Amino acid sequence: MADISMAALTKVYPGGVRALDGIDLTIADGEFFALLGPSGCGKTTLLRTLAGLETASSGSVGIGGRDVTALPPGRRDVAMVFQDYALFPHMSVSDNIAYPLRIQKVPGATRREKAAQTAAELGLTDYLDRRPGQLSGGQQQRVALARAMACHPQVFLFDEPLSNLDARMRLEARTFLKRLQRELGVTTVFVTHDQAEALALADRIAVMESGRIRQLGTPAEVFRYPANTFVASFIGSTPMNLLDGQVAGGRIDVAGALLPVPEGLEEGLAEGEKLVYGIRPEYLGLAEGPAEGALRGAVRVVENLGSAQLVTLEGESGFVQAVVDEDRRLTPGEIGHAVPRRDRALLYRDG
Ligand code: ADP
Ligand code: MG
């Protein structure tokens with residue numbers, strides 16, 4: 001078991017791309033930690049730098065109290081699962097799983113025994129003699145996991161390991177991975193661009209943008225209190241409405257609609273100050289008719305979410321989205337009055 005620490009970790013690729021820009025981060029022993037961010041923000045680079053597959057330009061990496069910054073991958077005691085699994089196509093499942101043990105010069109019989117044992121834990125016993133090409137995506141993913149587990153590393157590094165699975169398999173694999181990590185208690189860094197995956201799996205999440213951490217917190221914290229408009233727009237199954245507003249007489253004027261100041265954020269507002277009013281579509285309800293403190297707009301799009309509907313209104317403040325009850329009947333063009341939940345609205349000054 002091991003904690004991970006990064007101090008002022010920076011990676012500049014030849015050519016000048018600053019993929020990591022001074023990362024300071026400590027991950028606790030046994031933690032399931034998610035690195036979340038859009039494509040190109042530096043997630044893979046961070047993971048590869050932890051694994052020793054990339055050399056840091058400056059800064060340091062510690063694993064289990066050891067400074068590993070200058071150590072090669074084989075001496076860091078970490079196992080990485082790649083996005084494309086990187087299985088050896090010409091080797092059997094058994095040999096794939098046992099590969100890291102072969103590198104460690106573990107004798108053949110012990111290797112096969114350990115591979116069979118790990119395969120059994122992951123439900124792969126029936127596939128030991130097959131080649132990766134003869135397995136489904138989900139099974140290949142498990143082989144990649146088994147290969148990572150076989151040498152009992154102190155740290156698991158996962159680079160978008162579920163992204164090649166179809167939607168249903170993804171959910172199953174997600175639950176499986178969470179359960180496995182809980183059972184093994186191995187410190188895990190999980191990279192994803194999928195906010196739902198990060199929220200569902202992680203003990204804590206670092207939201208990254210352009211090689212920097214924009215927010216660090218528990219899933220509940222980053223969902224409820226995104227620290228800036230970047231995180232606010234990135235977290236959530238439907239993007240948060242971020243509306244330009246101005247403080248006016250103890251309210252927030254959003255294109256003429258006078259919205260109540262969000263609960264708890266009454267302090268320190270200056271009359272006339274410009275800010276961004278944030279409200280998630282889930283916390284915007286449609287009133288039956290004209291209402292005070294409502295955003296008014298014409299219904300443009302109604303999307304069926306299954307148990308609810310996502311409605312896009314177009315009004316003075318631009319487009320606003322609200323999640324409404326599945327039973328509510330809405331016709332395109334009709335005027336909707338969307339009322340924000342005061343205890344869930346947020347204000348930003350970084351818009
Ligand atoms: P992510 O995994 O979040 O999509 P990456 O870590 O792969 O992001 O990439 C971060 C940035 O570094 C991107 O701008 C990418 O183009 C650049 N980059 C990644 N690998 C290399 C490389 N080997 N050489 C040069 N630039 C790279
Ligand atoms: Mg990547």
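Let's start at helix α1, where the buried residues are Lys 43, Thr 45, Leu 46, Leu 47, Thr 49 and Leu 50. One thing before we go on: this is a predicted model. Right after α1 comes Gly 52, with a positive phi near 90 degrees.

Why start there? Look at ligand 1. Which helix gives the largest share of the shell around ligand 1? Helix α1, residues 43–51, with three residues. Now the full list. Around ligand 1 you find Tyr 13, Gly 15, Val 17 and Ala 19. Then come Gly 37, Ser 39, Gly 40, Cys 41 and Gly 42. Lys 43, Thr 44 and Thr 45 complete the shell. Sort that shell by class and you get four nonpolar residues, seven polar and one charged. Two of the shell residues, Lys 43 and Thr 45, are also on the buried list of α1.

Now step back to the whole protein. There are eight helices and 20 strands. The C-alpha trace spans about 75 × 45 × 35 Å along its principal axes. Of the 351 residues, 36% count as buried. Next, contacts. Take those between residues at least 6 apart in sequence: 65% of them join residues at least 24 apart.

The protein is divided in two. Domain 1 runs 4–232, and domain 2 runs 241–348. Their centres, taken over C-alpha atoms, are separated by 39 Å.

Back inside domain 1, on to helix α3. This helix has 14 residues, 108–121. How far apart should its ends be, at 1.5 Å a residue? The expected span is 20 Å, and the end C-alpha atoms are 20 Å apart, so the two agree.

Which residues of α3 are buried? Arg 111, Ala 115, Thr 118 and Ala 119. They cover an arc of only 100 degrees around the axis, so they sit on the same side of α3. Turn to the face pointing away from that buried side. There you meet the exposed residues Ala 109, Thr 110 and Ala 120.

What does the buried side of α3 pack against? Its buried residues pack against α2, residues 93–103, and α4, residues 137–149. After α3 comes Gly 123, and its phi is positive too, near 70 degrees.

Now look at that packing from α2. The buried residues here are Val 93, Ser 94, Asn 96, Ile 97, Ala 98 and Leu 101. The cover over them includes α3 and α4. Just past α2, Lys 105 has a positive phi of about 60 degrees.

Let's finish with one residue, Val 93, in helix α2. Is Val 93 buried or exposed? The cut-off for buried is 20 or more other C-beta atoms within 10 Å. Val 93 has 27, so Val 93 is buried.

What does Val 93 touch, leaving out residues up to four places away in sequence? The list is Ala 119, Leu 124, Tyr 127, Leu 128, Arg 130 and Val 143. You have met Ala 119 already, among the buried residues of α3. Val 143 falls within the stretch 137–149, which is α4.

One last distance for you to check on the screen. Val 93 and Lys 114 are 21 residues apart in sequence. In space, C-alpha to C-alpha, they are 13 Å apart. That's my tour.

Definitions and conventions: Residues numbered from 1 in each chain as written. Chains lettered and ligands numbered in written order. Predicted model: local features only at pLDDT ≥ 70, side-chain atom pairs only at ≥ 80, totals over all residues. Helix = DSSP H or I, 4+ residues; strand = E, 2+ residues; numbered from the N terminus. Buried ≥ 20, exposed ≤ 12 C-beta atoms within 10 Å, placed from the backbone. Contact = placed C-beta atoms within 7 Å. Domains from an automatic or database assignment. Expected span 1.5 Å × (residues − 1). Arc of directions from axis to C-beta. Near = placed C-beta within 6 Å. Nonpolar A, V, L, I, M, F, W, Y, C, P; charged D, E, K, R; others polar.
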